[in-house]
Amino acid sequence: MTGNSLRFSLFVLLILALLLPVAAIDAGQTGQYIIFEQPPSSAEKIAPAVREELDREDYVEVLVKMTRQVDTEQVARDTLKRFPAGRRKQLAVRTAVVEELQANAAMSQKNIRQYLEQEQSRGGVLEYRSFYIVNLVFVKASPAVVEQLARRTDVKVILPNSSITMEPPEITEIEGLTPLAAGWGISQINAPAVWERGFEGAGVVIGVIDSGVDWQHEVLQTKWRGYNPEAPSSPDASYNWLDATSPKVPLPEDSGGHGTLVTGVIVGSVGSEWIGVAPAASWIAARIFRDDEASSDVALEAGEFMLAPTDASGQNPRPDLAPDIINNSWGSTEPGDANEWFRPMVQAWRSAGILPVFAAGNSGDGAGTIACPANYPEALAVASIDSSNELATSSSRGPGYAEGIKPEISAPGVLIYSSYPGGDYRLCSGTSMATPHISGAAALLLSADGNLSVDELEQIMLDTATPLTSSTYPLSPNYGFGYGLVNTLAAINYLRSGCITGQVLAGEAGNEMPVDATVVVVETEISTSTDPVDGTYCLQHRATELGESLTLRVEVPGYQNAEMQFTLAGRETLVCNFALRPLGPPVISGDIDSDGSISIIDVILLLRHITGLTELTPSQFTAADVNEDGLLDIADAIIIMRHLAGLEETLPYS
């Protein structure tokens, strides 16, 4: 090949490379799960809010998002294929997601961190911190350094380290409030009925990202995963508490009261007094708010901690200690905010099998007021209702910026009784109080079936919710209530039920046809009918208890009934098919020889049988037992003879 030809070939290859799709999957050093996000021009990489700061500040705080990100959903899907069901599968998925994210960040941030180190030694960078849950770097640097970062090909966009303002709930202070039994909200979602069935959230861990938690509050102390019952004054904060604010404290505390209120609704109880939805569940917490404000980098730090909690020094992350649910009673105060930079964090949680529950927000009754990140498709957004199932006036509404129903579900959020720092109690209102009802409800379901995936867990709550409508939202689901009020009892019943299905045919052997049949469980009297066109049926029924066997009976006029014993596991589909045979000729009482009339011949046959001279068939026996006492004796013969003599107009037992 000549030099010109070689140069031309290389030129063609370069053009082809530039034409490749901008979000192609790459099998790099971290595996086949890398997505390259095409960056804009250097000038467009810097967000307008950052550009404004560059013109007036000596140093600015920015989030430098890298072009190379991880498809965590694909990581989870591939990992699921390699492991059986159960906690081992869940741990494998969480570990795989974390390892891919960490490996990607370590490799793709290597060069940029070297540059930041150099600039830090020269004074151009005051501080920087690397994140992996979203592949980005927090940097506090001079405008010149920020401009230089924008020129890098491995940088996708430079965003402001913006503030997140938490809308505090409306708190009603009432003197003399003391621990009470389950409040109206808990009763409204049927939690006490679920407790009676033995499901209280045991074994489930809920992560709370908020203003912290008063860990010593009487209804919360023993529920903290770091609590040590053998040494109550020496708890273990490692992997159970992160203070992402400054100054940091070693044990959970609440700087505003909000987090303690939220946590109380999820797990609060003391003795026989229960104020939380899932009183047997455990909590861990990450504080991001002081004075109702947090910065984006702090929220990221908390998000990473929840994905893989760290020890007290912030090291040795352990995805096996991640919570099952994360309660986020916070969000943007900008109605309709479509800021997506948090979204990879929420996607990573969900890919790792963690349910992200977010408050819809308190921006009022206007359309499209739902907060961010609640408006992400991957977030379960919660609306607030009152004790009359009316939508709270302040509850934010959909639609979101993407397709689909937002918010998805409703929960009690008006005058909710809960714990408050210092051993106190308050009545509070807002979607931030509705959200922990959903986190607690999810914990109840997971305590009934720990193998539920995030998608299954969410879908069960939506499918079994009590639909709610109003004059503004006459149809369900809608942009106010979502799919309706969470119903924990209905969800548990669904979870603990199965489906019996099959086909019923009737006729002589080899000539069966579909029929309109009644299918009934004898012991519970739950029944359904077959489709007469094809004979199929489907009957939803609770799961059978251990050692319990029930009877399924099929009834069709003119055909022999059929029965089958069954046991049914929760969410199992049991197939029971039946083939019914026609009944024989009807048995006429007293007509032993089946000739259609009652005569002296029938009496003779009966007497011969009584004296042991003749055996009768089962149908003849039935016809001869006219008094239906199960015996053939002279009493039956006398009744038949009285009938023949005209002393009995009809047989009394026919």
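Helix α18 gives the largest share of the nonpolar patch, three residues. Helices here are DSSP runs of H or I with at least four residues, strands are runs of E with at least two, and both are numbered from the N terminus. The patch lies on the surface and is formed by Leu-607, Ile-610, Ile-634, Ile-638 and Met-641, with about 390 Å² of accessible area together. The elements that give two or more residues to this patch are α16 (600-610) and α18 (634-644). Met-641 is found in helix α18 and is partly exposed, at 36% relative accessibility.

Patches are made of residues with over 30% relative accessible area and no salt bridge; nonpolar side chains (Val, Leu, Ile, Met, Phe, Trp, Tyr) are joined within 5 Å, like charges within 9 Å. Accessible areas come from the Shrake-Rupley method with a 1.4 Å probe, and for residues only the protein chains shown count as cover. Buried means under 20% relative accessible area, exposed over 50%, and partly exposed in between (1.4 Å probe, protein chains only).

The model is predicted: local features need pLDDT of at least 70, side-chain atom pairs count only at pLDDT 80 or more, and totals for chains, interfaces and linings use all residues. Residues are numbered from 1 along each chain as its sequence is written, and side-chain values use heavy atoms, with hydrogens and water left out.

A salt bridge is a side-chain nitrogen of Lys or Arg within 4 Å of a carboxyl oxygen of Asp or Glu. By this rule there are 26 salt bridges, including the following.

| Salt bridge | Closest N to O |
|---|---|
| Asp-78 with Lys-81 | 3.8 Å |
| Arg-343 with Glu-340 | 3.2 Å |
| Arg-571 with Glu-456 | 3.5 Å |

Arg-571 and Glu-456 link distant parts of the chain, 115 residues apart: Arg-571 is in the loop between β28 (562-566) and β29 (573-575), and Glu-456 is in helix α14 (residues 454-463). Arg-571 is partly exposed at 34% relative accessibility, and Glu-456 is partly exposed at 32%. Elsewhere, Asp-243, Glu-253, Arg-287 and Arg-290 are joined into one network by salt bridges that share partners.

Asp-78 and Lys-81 are three residues apart in helix α4 (residues 72-82), so about one helical turn separates them. Asp-78 is buried, at 14% relative accessibility, whereas Lys-81 is exposed, at 69%. In the remaining pair of the table, Arg-343 is buried at 17% relative accessibility, while Glu-340 is partly exposed, with a relative accessible area of 35%.
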